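Biologist: Hi, could you walk me through this one? I'm new to reading models.
Modeller: Sure, have a look at it here.
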Amino acid sequence: EREDITLEYLADSYLKMCKDMLKEQVKFKKTGKYSCSTIEEANRKVYYSENEMKPYMYGLGLSQFLWPNHYAMYSYFINIIRKINNIKFYLEIGPGHGLFLVEALKHFENASFSAVDISPISIDITKKVIDQFVPCVKCDFLHKDVREFSGTQYDMIVMCEVLEHLEDPNEILQKIRELLSPGGTSFITTCANAPAIDHVYLYRSVEHIRSEIRNSGFGIISEIVLPVGNIHEDEWEQQKVEINYAALLEIR
């Protein structure tokens, strides 16, 4: 209401996102590939386009509560940070709709917060969400590529739904490892066989995700694996079942 966003606009945003995803799923079933092949293509089509990015972020924000898997990952994150203390420096990469960052800002009251995103539209939305729910808490917002970071180390780095948007997820995982302080942890979410208008990197299975995490020098402290639909695990890979994945990581 404060931003003069109507319920009708939010509903249209959500339905647009669902329709776009269904179209991408049809293409994926036919080709076995994501239709977006580079991050530059995603930048042009989505991240720098207000007509695409705004409804996409509002739709994804609603999906955190309307989709069982997204709600489960959101709840999982909240439960994890409740068990973590002594965070001095906190970084979120690609905060998007800002809901995960809101929860962290509420919990880690004494931490120094930074958020980085390559989309100026996403940063603007995140700022407004933060200002609404935690208005007195300071967070530095950076419009840049996290791969350009150096020097500062963080006790916790959160990166939700980013790896599948990259051409080389290993590169960003290595960067997170470099930016983590000794004893620091990272919370990540990603997905397998989950086409979307801006997804670039195709994880074909849960084990594919796990192997890349481990090959980047991380250990998995805990994880949740959430298939879409009631399909037995033995059939996930053969049927290209869409899977949501979240994990808390530590440096090995």
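Modeller: One term to begin with: buried means under 20% relative accessible area, exposed over 50%, and partly exposed in between (1.4 Å probe, protein chains only).
Biologist: Got it. Anything else to know up front?
Modeller: This is a predicted model, where local features need pLDDT of at least 70, side-chain atom pairs count only at pLDDT 80 or more, and totals for chains, interfaces and linings use all residues. Residues are numbered from 1 along each chain as its sequence is written, and side-chain values use heavy atoms, with hydrogens and water left out.
Biologist: OK, how many salt bridges are there?
Modeller: The count is 16, taking a salt bridge as a side-chain nitrogen of Lys or Arg within 4 Å of a carboxyl oxygen of Asp or Glu.
Biologist: What about Arg214, which residue does its side chain meet in a salt bridge?
Modeller: Glu207, at 3.6 Å from N to O. Arg214 is partly exposed at 34% relative accessibility, and Glu207 is partly exposed at 44%.
Biologist: And Glu24, buried or exposed?
Modeller: Buried, with a relative accessible area of 7%. Glu24 has a salt bridge to Lys27 (3.5 Å, N to O), and Lys27 is partly exposed at 41%.
Biologist: Where do Glu24 and Lys27 lie?
Modeller: Both are in helix α1 (residues 7–31), three residues apart, about one turn of the helix. Helices here are DSSP runs (H or I, at least four residues), numbered from the N terminus.
Biologist: New topic: which residues are linked in a network of salt bridges?
Modeller: Arg2, Glu3, Asp124, Lys128 and Asp131.

Definitions and conventions. Helix = DSSP H or I, 4+ residues; strand = E, 2+ residues; numbered from the N terminus.
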